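Student: I would like to learn how to read a helix in a model, and then how to place that helix in the chain around it. Could we work through a case together?

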Amino acid sequence: MKSFSVTTTVEPPARLAFVDLTDDLWRAVKDSGATDGLALAFVLHTTCSLVINEWEEGLQEDLKRKLEGIAPPGNSYAHDDLRRRTQNLVQDERRNGHSHLAQMLVGATSQTIPVQGGEPVLGKWQRLFMIELDEPKPRSVIWQVIGI
């Protein structure tokens with residue numbers, strides 16, 4: 001059994017941008033040398049999500065519209081009320097309760113993909129992508145491949 005790890009930086013162009021990470025997944029699996037096992041993608045941030053789904057512009061538009069309706073940036077969020085909030089505060093704290101809420105509703109900070117024959121196993125239309133739910137900034141993604 002062997003393990004391989006690498007971290008990449010992703011720079012989404014905008015809030016609610018979809019960034020296709022499928023080529024990065026393939027590269028991590030290839031660089032690991034594993035032929036059978038698992039590939040894990042993990043994003044080190046709480047205001048973006050990793051999703052496996054079809055890469056299709058209409059679907060992305062639908063999800064953006066749904067997220068804007070469920071967790072609009074202009075709403076009032078307890079997370080943003082700095083008179084009440086006492087945990088995890090930093091100087092120049094951003095008001096991004098909508099981003100944290102959207103992340104919990106959309107998905108996960110990680111995805112696990114099987115590796116067979118030295119390749120990640122995805123369905124015909126499946127792609128791995130990150131959704132930026134806050135303001136764009138560099139994001140770190142850890143790739144961990146474990147296998148034989």
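Student: Which residues of helix α1 are buried?

Tutor: This is a predicted model, and a residue is called buried when its relative accessible area is under 20%. In helix α1, which runs over residues 22-32, the buried positions are T22, L25, A28, V29 and S32.

Student: Why do the buried residues of α1 line one face of the helix?

Tutor: One looks down the axis and asks how widely the buried positions spread; in α1 they fall within an arc of 120°, and therefore they line one face of the helix. On the other side of α1, D23 and K30 are exposed, where exposed stands for a relative accessible area over 50%.

Student: What phi does G33 take, just after α1?

Tutor: The phi of G33, which follows directly on the helix, is positive, at about 80°.

Student: Where does α1 sit in the pattern of the protein chain?

Tutor: One reads the elements in sequence order, which here gives β-β-α-β-β-α-α-β-β-β-β, with 3 helices and 8 strands in the protein chain.

Student: What share of the contacts joins residues 24 or more positions apart?

Tutor: Among contacts with a separation of 6 or more, such pairs account for 86% in this protein chain, and buried residues make up 36% of its 148 residues.

Student: How many positive and negative side chains are there?

Tutor: The protein chain has 16 positive and 20 negative side chains, and the centres of these two sets lie 4 Å apart. As for the accessible surface, about 8,500 Å² in total, carbon and sulfur atoms hold 51% of that area.

Terms used:
Residues numbered from 1 in each chain as written. Predicted model: local features only at pLDDT ≥ 70, side-chain atom pairs only at ≥ 80, totals over all residues. Heavy atoms only, no water. Helix = DSSP H or I, 4+ residues; strand = E, 2+ residues; numbered from the N terminus. Buried < 20%, exposed > 50% of the residue type's maximum accessible area, 1.4 Å probe, protein only. Contact = heavy atoms within 4.5 Å. Areas by Shrake-Rupley, 256 points an atom, 1.4 Å probe, with all protein chains shown as cover. Lys, Arg positive; Asp, Glu negative; His and termini not counted. Charge placed at Lys NZ, Arg CZ, Asp CG, Glu CD. Arc of directions from axis to C-beta.
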